[in-house]
Amino acid sequence: MRSRSASASATPSRRQNIRLWAAVATVLLLTSGAAEALQPVDAPMSEDLLLPQGPEAITQSLHRGAVLPAAAQLEADRALYEFAQTIGGRWDVLAWNPVTLTPRLITGTGISSGQIVDNRAGAEAVARRFVDQGRAFWGVASDELTVRRISQGLQKWSVHFTQEIEGLPVIGSRLAVTMTETGRIFAFGGDLWPALQAPTQALLSEQDAHARVLAELHSRGLAPAEPGGRDRLRTERFGILPAAATTGHLVYRIDTFFHEPLGAWLVDIDARSGEILQIQNVLRALSREDLTGTILGDIEDPGWCFGSDTLVVPLMEVVIPGAGTDTTDSDGAFHIPFAGSEPESIFVEFLGSFVDVNNDVGADSRFAGEITPGEPFTLQWDETNARWDERDVFHHTTKVHEYLKWIDPNWTEIDYPLPANVNLQSSCNAFWDGESINFYHEAGGCANTGRLGDVVHHEYGHGVTTFMYVTPQPPSDIHEANSDVIGNYLIDDSKMGRGFYLDDCENGIRDSDNDLIWPDDLHGEGHWDGQILAGFHWDARENMMLTLGEEPGHRRASEIWHFGRLLGLPMMQPEQVWWSFIADDDDGNLDNGTPNYDDLCPAAEHHGFECPERFDHVVIHHQAFRYAPSPGDEPIEITAEIYSFDCEMDPDSMFVHYRLMGGSDFQSALFEPVREDEYVALIPHQPITAIVEYYIEATDMLGNTEVDPREAPTELHRVTVVTAYDPFETESDWTVGAPGDDATQGIWEWCDPNGAQVGPNVVQPEDDATADPGAFCWITGQFSEGYPWYSDADGQTTLTSPVYDLSGSDWAYVWFHRWFQTVSTALGTMDVDVSNDGGATWINIHHIEGFQEDPQWVPVQVDVSHLFGGALDQFQMRVVMQGYAQPSVDEGGIDDFVLLAGSGLSDVDTDGGADARPAGVPLQLRLASGNPRVGPAGARIRFGLPQAGDVHLAVLDLTGRVVANLQDGTLGAGMHERTWNGHDARGRMAGSGVYFLRLVTPQGNKTTRLVIAR
């Protein structure tokens, strides 16, 4: 599941080091209700009806974790390689737009523009030249782009473009080009639609569009029949909405907000046909002589649970009609020049430079009195003259605005009195409606949310995100995560909403100090999912506060969080993590890490995000698999990409060090070059079922050394030797088609599968069976778009393996993963057959039919030793899928094929040998029955020890994992016996399949084979 990188001097497949989160977009119609409310994280999901391949659906689909289909990945790799050849530098891809194959985010060594960038015009000029240089890569010239915004911070500039077609914006399009102030470009990407075509003349009036949208929302119970006086229904954008790579709709994007029922919906309606194309829930809810004086307030900070203090109130407007207006300073003081001597009227309310607090029910609190020139005036807001929520919301809104100005004085997007509405007559919530922040009164066991500082920060944070991105807006999890980050950072507490429930001032409703993992812990609900990204930022801040000190660490973490977003406008969580590294970088080259890499990377990895790879001198890239084929006398191939930043590699100092599992001494094989930076080393043939442990070591001409794994030899790669293994991650010799095949669609196809469902029933898997970073397998017809029955198997289709010469073998096992589903009429079947004569005759070893309640990749192991009377010879396997026409929907899949074959008991000496053992009882390991099969009574195991010593006897599975320990301690010389009852260490019955019995002694080691067939 990894993307590739490219360099001006490398082949297209030079590096595979970045996770690619890309998947095929699907229509999502989820349960209705107010979205993303400040409520416990198990809140119901919102209604989102999205175009299958529209921009928002693509971003949403990237959460699924699959990769590009093979052909698309190859096309993307070639394009990246050609770009690097033209531009120069080395580039790593985080993600591709899976529909247009344009890069969503690329970083690398960077290239110099040759121009110092010290103003906006210069940044735009550099970015446009870069766009035109790479036009062949993304298919769009700079004159087709308009500047959306230009961001500056941390000695970097980002120019954000939007694509236009005939002067109309392409909704969801974006391209960011990021450079240092020295003019070095080192990050870029977005979503462009180079082949997009769409009409540009509307047939539907804007007024009619509004009417149709209102009618549609009302019919769904999402809007009133007629908007109220405080409701909103307006055209946010008139432009082109992509539906696929080459087709788009001319649309009115209508922005709505309704108070009853509460909701904010973004609706796209076709400006020609009037069709409602998609509806998105955008309600961001949580799931304060002259005329002088001071304003004070009894404020709850951080919230009602922690009591109140009398604090100064800055940035509050003071009006003296006869003299003028002033705003209190950071000390809560105001000063209005005045030439008179008589008292004047003074008016103060909860209106300030950056917030306007309004009581939703009842009059707003307001002070009216007199002020005397030359006499200091003091106003204290307390329970006698103002509501708690008015005071708290004014304080916390002003506080969060000043926090952002502390990070970035140039941030001006919300430098105006933002409406803040308190005392809304409902309970247990707060929300951002696109224009204001809103807080419910105390009711239903829940606190007044305006009296919770982090809740106020959170909702204001939605406004920050809205104004920062403008359009398109990021998904719900990005919104919620970043709002939580503001709350966490400002009150120095990972828990969000302490006191949300009146009886609980301890737990809150979410916690950013968590162990949630991307993407495993995604639930599809924004508040829950956002905890993963918020967790990364919390951990990063904690790490930097320990490394740099509390105040410097807090500031640096805040800068990285803010400027990473501002520079990149990321649309998914892994992108925001990477933009954090980009914001932290100080030289326009991520290959050598960033100043705070050692604090950022552990935070990222804690939550399942990958870090941009950092190297010192020597680089080793190696993909290890569980199994290694070594038929006959053929050696085991170990391939790696190896190079140095500093100089050439030492050709005599690049080795793979290997041993059989349990052995003490390593042997070495030298790597030989096969092409630039790519090498292969050959481990001599090892017995079938042996487990080989190894690591790679490489040294350059300056003596810099690297090993892989990085912790070797404490940690080692481990591979089981088999006769044949095909994880189907590259094209192989399996063939499609056989006499009798008549399938008209759904023919076997090698691909990275796209998940597909018929109603609630999964019919095609989203992922293959191979462990990450595996992605490819064989599927009966790749699902792309439309309905699953457009690509399922209709008729018979056959997939056949190569012929394997097993002459001389007296036992053999096949192991594979299969997928099967049949729905509707449920007539489909799948059969797996084997042959010992090269396909002349076939014997069935696996048959499946009928609807699968919980379809999944199922491992299958079959002992084929006795099927052919002992004559294995020219062995072959085939998979026959039989599907039927609609309404039957039939899908099959095959992955991770393993073949083991040999003779005898397959004893393996893993250290020493007969000559190394002392005289007397020979070192031996055997089964008392002489048969590898474990019967109902278990397996009696006999072993001989030449000398007394520390002895270990264990049962292992095919991956080398210990299933059961049978002996671990000192034994005397002589013969010994143990029994294995077929259970694992937890007492559970071990499944059918092949296992290994491993004996480790001071005199040497032995391994033999066990078989469970139930």
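**Exercise 1. In this predicted model, determine how close the nitrogen and oxygen atoms come in the salt bridge of Asp-389 with Arg-387, and classify the burial of Asp-389 and of Arg-387.**

Solution. Asp-389 pairs with Arg-387 in a salt bridge whose closest N and O atoms are 2.9 Å apart. The relative accessibility of Asp-389 is 1%, so this residue counts as buried, whereas Arg-387, at 28%, counts as partly exposed. This pair belongs to a structure in which a search finds 36 salt bridges.

**Exercise 2. Check whether the span of helix H10 agrees with its number of residues, and place the salt bridge of Glu-559 and Arg-556 within the helix.**

Solution. Helix H10 covers residues 550-568, and at 1.5 Å a residue its 19 residues should span 27 Å, which agrees with the 27 Å between its end C-alpha atoms. Of these 19 residues 15 are buried, so the helix is largely enclosed by the rest of the structure. The side chains of Glu-559 and Arg-556 meet at 3.3 Å, N to O, in a salt bridge. Because the two residues are three apart in H10, about one helical turn separates Glu-559 from Arg-556, and both Glu-559 and Arg-556 are buried. Just after the helix, Leu-569 adopts a positive phi of about 45°.

**Exercise 3. Establish the handedness of the disulfide between Cys-305 and Cys-505, and state which parts of the chain the pair ties together.**

Solution. The sulfur atoms of Cys-305 and Cys-505 lie 1.9 Å apart and form a disulfide. The torsion about its S-S bond is about -80°, so the link is left-handed. Cys-305 sits in the loop between strands E15 and E16, and Cys-505 in the loop between strands E27 and E28, so the pair ties together parts that are 200 residues apart in sequence. Cys-305 counts as partly exposed at 22% relative accessibility, and Cys-505 counts as partly exposed at 33%.

**Exercise 4. Decide how the sulfur atoms of Cys-601 and Cys-611 are related, and contrast them with the sulfur of Cys-751.**

Solution. Cys-601 is joined to Cys-611 by a disulfide with an S to S distance of 2.1 Å, and the torsion of about 105° about this bond makes the disulfide right-handed. Cys-601 belongs to helix H12 and Cys-611 to the loop between H12 and strand E29, so the pair ties together parts 10 residues apart in sequence. For Cys-751, the closest cysteine sulfur is that of Cys-777, at 5.8 Å, which is too far for a bond, since a disulfide requires sulfur atoms within 2.5 Å. Cys-751 is buried at 2% relative accessibility, and Cys-777 is buried at 0%.

Methods: Residues are numbered from 1 along each chain as its sequence is written. This is a predicted model: local features need pLDDT of at least 70, side-chain atom pairs count only at pLDDT 80 or more; totals for chains, interfaces and linings use all residues. Side-chain values use heavy atoms; hydrogens and water are left out. Helices (H or I, at least four residues) and strands (E, at least two) are DSSP runs, numbered from the N terminus. The expected span of a helix is 1.5 Å times one less than its number of residues. Buried means under 20% relative accessible area, exposed over 50%, partly exposed in between (1.4 Å probe, protein chains only). A salt bridge is a side-chain nitrogen of Lys or Arg within 4 Å of a carboxyl oxygen of Asp or Glu.
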